[in-house]
Amino acid sequence: MKRFLDLADLTREEVLALLELARRLERAPQPQALSGKILGLLFLNPSLRTLASFQAGMARLGGSSFVITPGQGTWQLETKPGAVMDGAAAEHAREGVAVLASYCDALGIRAFADGKDLAADLAETRFNAMAELVEKPLINLESAINHPCQALADWKTMDDLGVPRGGRFVLSWAYHPRPLPLAVPAAALHMAALRGMEVVVLRPEGFALPMALMDKARRAAGLSGGSVRETDERDEALSGAHILYAKEWGATSCYGDAAADAALRARLTGWCVRNDWFGRAAGDCRLMHCLPVRRNVAVADEVLDGARSVVQLQAYNRLTAQMAVLYRLLKGI
Amino acid sequence: MKRFLDLADLTREEVLALLELARRLERAPQPQALSGKILGLLFLNPSLRTLASFQAGMARLGGSSFVITPGQGTWQLETKPGAVMDGAAAEHAREGVAVLASYCDALGIRAFADGKDLAADLAETRFNAMAELVEKPLINLESAINHPCQALADWKTMDDLGVPRGGRFVLSWAYHPRPLPLAVPAAALHMAALRGMEVVVLRPEGFALPMALMDKARRAAGLSGGSVRETDERDEALSGAHILYAKEWGATSCYGDAAADAALRARLTGWCVRNDWFGRAAGDCRLMHCLPVRRNVAVADEVLDGARSVVQLQAYNRLTAQMAVLYRLLKGI
Amino acid sequence: MKRFLDLADLTREEVLALLELARRLERAPQPQALSGKILGLLFLNPSLRTLASFQAGMARLGGSSFVITPGQGTWQLETKPGAVMDGAAAEHAREGVAVLASYCDALGIRAFADGKDLAADLAETRFNAMAELVEKPLINLESAINHPCQALADWKTMDDLGVPRGGRFVLSWAYHPRPLPLAVPAAALHMAALRGMEVVVLRPEGFALPMALMDKARRAAGLSGGSVRETDERDEALSGAHILYAKEWGATSCYGDAAADAALRARLTGWCVRNDWFGRAAGDCRLMHCLPVRRNVAVADEVLDGARSVVQLQAYNRLTAQMAVLYRLLKGI
């Protein structure tokens with residue numbers, strides 16, 4: 001494995017092998033495996049779990065890491081090709097990314113969606129422009145429409161909990177004051193489909209996931225014996241569900257139009273996950289969320305602090321899953 | 001030792017043993033002692049010494065660390081229980097702290113006082129809400145009214161200098177443009193009392209330390225043969241003093257009332273420690289300060305740059321004292 | 001070697017030996033050479049290459065590092081002697097720098113020019129005031145008029161490329177929206193002279209490098225068989241040139257006068273390096289730049305993305321050159 005940019009770049013069997021490696025490293029730590037290796041971490045957007053778990057993961061494998069956060073101790077990075085750089089950014093990603101890659105053995109890059117042009121975001125225009133500058137092993141720390149580290153951690157979390165392969169996975173939109181990117185819903189949707197689950201996307205009108213993402217998930221489901229459909233009927237969606245995966249995202253019917261998005265979401269503050277959502281779910285239906293989560297806005301305290309919530313296990317599995325990714329990328333085995 | 005949150009959680013003998021360990025590690029470094037161990041450092045407030053010395057201390061013992069600073073590369077953290085999170089903070093400490101703890105072998109948290117409600121700050125409401133989420137070894141990097149790492153370093157500094165156990169320790173208020181927290185005066189007061197010193201709190205009217213803190217120090221003094229009293233008479237306080245420990249703090253008579261505090265301190269700019277303060281002190285009376293210090297505002301250049309000042313030794317002992325804490329917490333011996 | 005503050009502190013032979021060490025460490029890595037050693041990095045100004053390459057370099061040699069960035073997670077540092085600190089800065093460099101030095105085995109400091117008083121900047125008043133507080137090995141990470149790490153990396157880059165010792169090195173002014181410091185032009189000028197090159201400083205009127213810098217370079221050239229002159233005739237300067245080293249800097253004829261500087265530079269936007277600059281240069285004339293570079297403002301895409309550009313190799317050599325500096329400072333051999 002030379003890059004970890006999209007779970008869809010791996011076959012189902014390769015994902016299973018990676019998860020097996022994660023479990024093996026969890027059971028039998030290898031504190032010297034990556035001795036002398038250096039991970040560079042470039043964050044164009046904020047982070048807590050990714051920032052901490054990658055540093056911790058490298059350290060647990062005997063390696064080290066450095067963090068670069070443009071605009072905070074480092075020059076702001078321009079990412080637009082051909083830009084006449086007479087504004088705030090003092091450095092272009094063409095230089096910055098290539099230079100950082102030359103200092104480390106593997107590089108991770110986080111670059112959220114611009115959130116203006118859906119086609120450009122779906123094409124990963126910005127992330128790919130940086131990725132093509134890097135010849136070293138490269139990790140997607142969350143791009144416009146992908147978050148493969150989260151997806152791998154989520155898969156492992158369901159395995160850890162014994163969630164059946166064919167179980168019902170409801171990916172539900174949740175309220176947030178602002179439109180958030182599609183990266184996590186896109187990654188979770190594809191991951192659950194590739195795992196072979198019965199995937200239901202539950203979302204209000206105007207928030208349907210783009211057809212390209214739905215199609216990609218359906219292709220994965222086709223290979224794995226799973227299925228993918230969408231609805232705006234909460235009770236029906238949750239009926240018998242094993243997982244409620246809550247996630248906030250922006251209106252896709254008016255992508256990039258902040259005013260239209262705000263008008264749409266203004267009447268959706270009820271999409272805060274509460275205990276009464278689970279009435280028709282399976283008895284042990286779990287609440288998943290990638291975090292950070294706005295308490296009592298996207299998910300209520302009563303759910304996050306209750307027995308259904310597995311968000312801590314998901315976050316912990318960022319560490320275990322990423323250690324497998326680092327091991328595979330840097331040991332080459 | 002499972003946590004290092006308050007020097008008062010340790011007996012005098014346990015503190016002495018910790019200081020002995022610090023001296024032993026200073027004489028005979030153990031560069032592999034914490035190999036493979038990871039320290040997480042969560043800073044909700046600025047830091048220089050704590051930030052640098054904990055990273056350096058882990059490295060000197062063969063371990064590693066990562067730093068998380070909410071609002072700088074990481075989401076702002078909400079700490080209020082039950083908050084409806086529709087404001088600036090994207091993540092709640094309930095998730096953030098627990099997640100960070102799951103990535104490391106020990107966690108340090110810095111969370112200054114809110115400075116609004118004295119009872120809440122004295123009860124360490126905010127720090128304790130985070131501390132109870134952590135099952136891993138936990139270190140208080142400065143909370144509302146405590147700074148045990150500073151207290152331990154200060155004790156060692158006095159030992160290093162041969163300051164007599166029963167010597168006079170004057171904790172003096174010093175001027176600062178704004179009201180600062182009670183953490184360091186509270187910690188220094190208790191530390192000196194537990195060391196067995198003759199403690200005199202020198203402060204202007206309106207700045208008396210809360211009775212709960214004075215009582216706690218008196219209990220420690222009772223066990224150690226020391227004493228604690230307070231005064232606003234500088235010459236009398238410093239007469240025969242071995243230590244002048246200067247520290248800025250907010251008015252306690254109007255805690256949380258910025259305007260009243262400002263009015264009180266406006267006429268106290270003379271409380272800047274100068275050489276002429278030491279007229280009646282012991283010949284080798286030392287100036288201690290936890291740093292950072294505003295030169296020529298809280299303490300004059302002539303004192304900081306003179307022979308009395310031991311602020312550099314105090315700061316250096318943050319490293320030596322904390323290495324003992326880390327060793328004890330992570331080696332368990 | 002106890003300090004690395006100015007390439008001029010070393011003889012030409014000592015520089016050559018340092019470059020030989022850099023090449024040796026490049027060929028035959030020593031991943032345990034600095035095991036247990038700690039590098040402190042204090043950045044009073046932004047950085048990407050210096051920040052990442054020093055962390056990576058320490059890690060590649062088995063050591064570790066910590067980063068302190070005043071104003072970002074750490075108190076703002078006052079650097080003026082005798083200041084009455086009633087403003088934004090909570091800590092003075094007199095304390096901060098000395099404390100950081102006490103935690104590490106070597107300290108690096110970055111402190112750009114104030115850009116107000118040319119004499120003070122030429123005298124390195126600010127940097128030297130901090131440097132004299134440090135007894136540990138000290139590294140200049142860029143001061144008011146020096147950047148020895150960049151100079152060493154640039155020298156190695158020319159060696160790597162086989163640029164002849166007596167080749168023509170054109171240091172050319174380039175446009176930038178604001179006046180930038182003299183550190184890199186000063187360091188590059190002296191470095192090329194000490195290497196023995198035919199140095200030509202190409203700059204518009206008002207941007208001549210200060211006589212003190214030209215004289216220093218001429219002394220170095222005198223010892224090395226090189227030469228130093230200046231001109232504003234681009235074609236003549238570039239005729240037969242082996243290197244075009246582009247760099248932005250502020251007007252020296254009105255140093256510290258922002259309005260006068262802006263008026264001067266307003267008519268110099270044509271000083272953006274383009275392919276047609278190289279008409280009379282040697283066939284393999286290289287474009288060097290220390291980075292960050294504003295694309296299509298200081299240097300055009302067509303040059304940076306073309307075969308002449310060696311800016312990536314320069315940046316990579318920051319790592320290799322600094323590893324030699326760290327090795328020499330911390331191993332003492």
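Mentor: Before we compare the chains, one definition is needed: copies are superposed by least squares on the C-alpha atoms of residues with pLDDT of at least 70 in both. The pLDDT condition belongs here because this is a predicted model.

Trainee: What turn and what shift lay chain A on chain B?

Mentor: Chain A is brought onto chain B by a turn of 120° with a shift of 0.0 Å along the axis, and the superposition leaves an RMSD of 0.0 Å. In general, two copies of a chain are related by a rotation about an axis and a shift along it.

Trainee: Why is the relation between the two copies described by a rotation axis, and of which fold?

Mentor: The turn is 120° and the shift along the axis is 0.0 Å, and the two copies are thus related as by a three-fold rotation axis. The C-alpha of chain A nearest this axis belongs to A:Gln72, at 4.2 Å from it. For chain B and chain C, the superposition likewise gives a turn of 120°, a shift of 0.0 Å along the axis and an RMSD of 0.0 Å, and in chain B the C-alpha nearest the axis is that of B:Gln72, 4.2 Å away.

Trainee: How do you know whether the copies use the same or different surfaces where chain A meets chain B?

Mentor: One asks how many contact residues of chain A recur in chain B, and the value is 3%, so the copies use different surfaces, where a contact means C-beta atoms within 7 Å. The contact itself draws 29 residues from chain A and 26 residues from chain B.

Trainee: Which elements of chain A supply two or more residues to the side that touches chain B, and what is the class make-up of that side?

Mentor: Helix H2 (49-60) and helix H12 (311-331) of chain A are the elements that do so, and H2(A) gives the most, with eight residues. By class, this side has 17 nonpolar, seven polar and five charged residues. The contact of chain B with chain C takes 29 residues from chain B and 26 residues from chain C, and H2(B) gives the most to the chain B side, with eight residues.

Trainee: What makes S8(B) count as enclosed by the rest of the structure?

Mentor: A residue is called buried if 20 or more other C-beta atoms lie within 10 Å of its own. Six of the six residues of strand S8 (residues 168-173) of chain B are buried, so the strand is largely enclosed by the rest of the structure. Both faces are covered, with B:Arg168, B:Val170 and B:Ser172 buried on one side and B:Phe169, B:Leu171 and B:Trp173 buried on the other.

Trainee: Why may S8(B) and S9(B) be called a pair, and in which sense do they run?

Mentor: Pairing requires at least two bridges between two strands, and S8(B) and S9(B) have five, in the parallel sense; they therefore count as paired by that criterion. One of the partnerships sets B:Arg168 against B:Glu198 in S9(B). Between these strands the chain passes through helix H7 (residues 183-195) of chain B, a β-α-β crossover that is right-handed.

Trainee: Which strands of chain B make up the open sheet, and what makes two of them edge strands?

Mentor: The sheet has five strands in the order S10-S9-S8-S11-S12, with parallel pairing. Strand S10 (227-231) and strand S12 (286-288) of chain B are the edge strands, each pairing on one side only. S10(B) is joined in parallel by five bridges to strand S9 (residues 198-202) of chain B, and in S10(B) the bridge partner of B:Glu198 is B:Ser227. S8(B) is also joined in parallel by five bridges to strand S11 (residues 243-247) of chain B, where B:Val170 stands opposite B:Leu244. Ignoring direction, neighbouring strands of the sheet are turned by 20° against each other on average.

Trainee: What lies across S2 and S3 of chain A, and at about what angle to S3(A) does it run?

Mentor: Helix H2 (residues 49-60) of chain C lies across those two strands, at about 175° to S3(A). On a scale that runs from 0 to 180 degrees between N-to-C directions, such an angle is close to the upper limit, so the helix and S3(A) point in nearly opposite directions. S3(A) itself pairs in the parallel sense, over five bridges, with strand S2 (residues 38-43) of chain A, and A:Gly40 stands opposite A:Phe66 in S3(A).

Terms used:
Residues are numbered from 1 along each chain as its sequence is written. Chains are lettered from A and ligands numbered from 1 in the order in which they are written. This is a predicted model: local features need pLDDT of at least 70, side-chain atom pairs count only at pLDDT 80 or more; totals for chains, interfaces and linings use all residues. Helices (H or I, at least four residues) and strands (E, at least two) are DSSP runs, numbered from the N terminus. Ala, Val, Leu, Ile, Met, Phe, Trp, Tyr, Cys and Pro count as nonpolar, Asp, Glu, Lys and Arg as charged, and the others, Gly among them, as polar. A residue is buried if 20 or more other C-beta atoms lie within 10 Å of its own, exposed if 12 or fewer, and partly exposed in between; C-beta atoms are placed from the backbone. A crossover is right-handed if, with the strands pointing away from the viewer, the path from the first strand over the helix to the second runs clockwise.
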